[in-house]
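The following account leads through a protein model from one helix to its cores, its aromatic pairs and its domains. Please keep the sequence and the coordinates at hand while reading.

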Amino acid sequence: MPRDADIVVIGAGIVGAATARALAGYAGTVLLLEQFELGHTRGSSHGTSRIFRLNYPDPRFVRMALGADGEWRRLESECGERLIERAGCLDLGPVARETERALAACGARYETLSADEVRARWPLRLDEGQTAVYQPDGGVTRADRAHAALVAGAVAGGVELREQTPVRALALDRGEVRVATDGAELTARAVVVTAGAWSPRLLGTAGIDLAVVPTRETVVYLDVPSAGEVPPLIDYDARPAAGEGGIDRVGQSAYALAAPGVGLKAGLHHSGPVTDPDDEPTPTAAIADWVSEWAVRRYVDVGERLGAETCLYTNTADEGFVLERHGRVVIGSACSGHGFKFAPVVGRTLAALALEAAD
Ligand SMILES: Cc1cc2nc3c(=O)[nH]c(=O)nc-3n(C[C@H](O)[C@H](O)[C@H](O)COP(=O)(O)OP(=O)(O)OC[C@H]3O[C@@H](n4cnc5c(N)ncnc54)[C@H](O)[C@@H]3O)c2cc1C
């Protein structure tokens, strides 16, 4: 019986889009299936911006970000559009010392700045005695444009995109994978599951256990006229006290970055509750309030709160990613709240695993 596709990529967030893009030009048939419409706001990849940074305390992530940097630059020259606004990236707090060591070990540029030096360069307020690490190659990824560029490159390279096509189950059969959708059952030589927070449920239908935990994180948008001038900021000194304002999880660090066309986007990393991805996307009011107050303390020109929304993290125990192959099923769970920047390298890895699986 003829197969419907050689490779089916399930989930068209940034990771699925990058995987499909990396499969562009492949001689076989590739389908990219998305349960909702492109650009929907229920998963992890929506919005206008994400932080791109080399700033990591772990040199493995610095090296991976350096690899991703080259891939983003290549994509920019292919699509003729700027996808990363290179404003640099600024870290505050004790983790910044480890970040300096990791950047130095990888040969990346950075500067250590005093509170006065930071205040002289940007309209920010730092506490007396605070220091910052500035890394000039970071910046703001234009998330919606990056996603659109990857999908466009995939489609131009022969990938067929099908929106509004939820996959209900996977079954491993002799030499193929059966992919159950509402309309029909498709057969493929290999599938790549890039279904974000929905991945464990889908993989469970094929008897594959994926140890990730989805959380629903809240971000706020604020009117900050200087947002575009200030580098993305990660403030490891800022966290609520346990129970403060009714916040259950105190998170790891406050962060903020420009949201082009909107204002300043700010959040509290890893503070959201464990969630079912199909639950209503309701922001946590206590986190939105705390983050807004933090932004007022750090930025000199914070105006009104423009809104709040949620976004899903799919968390592994150590913030690493799951990029693996189980026979004809490839899994790409690359989130833990920091996966966007790595999408082009992760997509290449998953595409290589898919070609191996389809062989
Ligand atoms: C608040 C927030 C801030 C972040 N900030 C940063 C940042 O500054 N820098 C950074 O690098 N990263 C950041 N990240 C992380 C980054 O956004 C994620 O790592 C990335 O978007 C994950 O993409 P994904 O494709 O794995 O998941 P998703 O975008 O959720 O894509 C999965 C897709 O699969 C579809 N799908 C699911 N199940 C099925 C099915 N059965 N059939 C068909 N389709 C299906 C879903 O509808 C969805 O579109 C942040 C994340 C959040 C939530």
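**From a helix to the domain interface**

In helix α3, the residues Ala96, Thr99, Glu100, Ala102 and Leu103 are buried. This description, like those that follow, refers to a predicted model. An α-helix has 3.6 residues a turn, so residues three or four places apart point the same way. The buried residues of α3 pack against the helix α2 and against the strands β5 (89-92), β6 (111-114) and β7 (131-135). After α3 comes Gly107, which has a positive phi near 75°.

The next topic is the nonpolar interior. In soluble globular proteins, nonpolar side chains tend to be buried together. The largest nonpolar core has 51 residues, and the members that touch the most others are Ile7, Trp72 and Phe342. Two or more residues are given to this core by each of β1 (5-10), α1 (14-22), β2 (30-33), α2 (59-79), α3 (95-105), α5 (143-156), β12 (185-193) and α8 (343-358). Of these elements, α8 provides the largest share, with 9 residues. Domain 1 (5-47 + 145-212 + 318-358) and domain 2 (86-140 + 213-315) each supply at least three residues to this core. Apart from it lies another core, of 42 residues, including Ala115, Val118, Val219 and Ala256.

Helix α5, one of the elements named for the largest core, also contains Ala149. With a relative accessibility of 10%, Ala149 counts as buried, because the limit for that class is under 20%. Leaving aside neighbours within four places in sequence, Ala149 is in contact with Leu75, Cys79 and Leu83. Ala149 and Arg21 are 128 residues apart in sequence, while their C-alpha atoms are 9.1 Å apart in space.

Which residues does Phe342 touch, not counting residues up to four places away in sequence? They are Tyr56, Phe61, Met64, Ala65, Ala68 and Phe321. The relative accessible area of Phe342 is 0%, and this residue is therefore buried.

Aromatic rings deserve a separate look. A pair of aromatic rings is described by the distance of the centres and the angle of the planes. A search of the whole structure finds 8 aromatic pairs. In the pair of Tyr56 and Phe342, the ring centres are 5.9 Å apart and the planes lie at 35°, so this pair is tilted. The pair links distant parts of the chain, 286 residues apart: Tyr56 belongs to the loop between β3 (49-52) and α2, and Phe342 to the loop between β19 and α8. Tyr56 is buried as well, at 4% relative accessibility. Ring pairs join Tyr56, Phe61, Phe321 and Phe342 into a cluster. In addition, the charged end of Arg53 sits over the ring of Tyr56, 4.0 Å from its centre.

Another aromatic pair is formed by Trp294 and Tyr299, which is edge-to-face, with 6.4 Å centre to centre and 80° between the planes. Trp294 is buried, with a relative accessible area of 1%, and Tyr299 likewise counts as buried at 1% relative accessibility.

Phe321, a member of the ring cluster, is also touched by Ser333. Ser333 is located in strand β19 (residues 329-333) and counts as buried at 3% relative accessibility. Not counting residues up to four places away in sequence, the other residues that Ser333 touches are Leu210, Val212, Thr314 and Val322.

Tyr313 is found in strand β17 (residues 305-315) and is buried, at 7% relative accessibility. Beyond its neighbours within four places in sequence, Tyr313 is in contact with Val213, Pro214, Thr215, Glu217, Tyr255, His269, His270, Cys335, Ser336 and Gly337. Tyr313 and Asp223 are 90 residues apart in sequence, and 25 Å separate their C-alpha atoms in space.

The last topic is the arrangement of the domains. The domain assignment gives domain 1 (5-47 + 145-212 + 318-358) and domain 2 (86-140 + 213-315). Their centres, taken over C-alpha atoms, are 30 Å apart. How many residues of domain 1 are in contact with domain 2? There are 16, and they meet 18 residues of domain 2. The size of an interface is often given as the accessible area lost when the parts come together. Between domain 1 and domain 2, about 1,500 Å² is buried, and carbon and sulfur atoms give 45% of this area. On the side of domain 1, Arg42, Ala197 and Val212 lose the most area to domain 2, together 35% of what that side buries.

Terms used: Residues are numbered from 1 along each chain as its sequence is written. This is a predicted model: local features need pLDDT of at least 70, side-chain atom pairs count only at pLDDT 80 or more; totals for chains, interfaces and linings use all residues. Side-chain values use heavy atoms; hydrogens and water are left out. A nonpolar core is a set of buried Ala, Val, Leu, Ile, Met, Phe, Trp, Tyr and Cys residues joined through side-chain atoms within 4.5 Å. Buried means under 20% relative accessible area, exposed over 50%, partly exposed in between (1.4 Å probe, protein chains only). Helices (H or I, at least four residues) and strands (E, at least two) are DSSP runs, numbered from the N terminus. Domain bounds come from an automatic or database domain assignment. Contact means heavy atoms within 4.5 Å. Rings of Phe, Tyr and Trp (its six-membered ring) pair if their centres lie within 6.5 Å; planes under 30 degrees apart count as stacked, over 60 as edge-to-face and the rest as tilted. A charge sits over a ring if NZ of Lys or CZ of Arg is within 6 Å of the ring centre and within 35 degrees of the ring normal. Buried area is the accessible area (1.4 Å probe) that two parts lose on being put together, summed over both.
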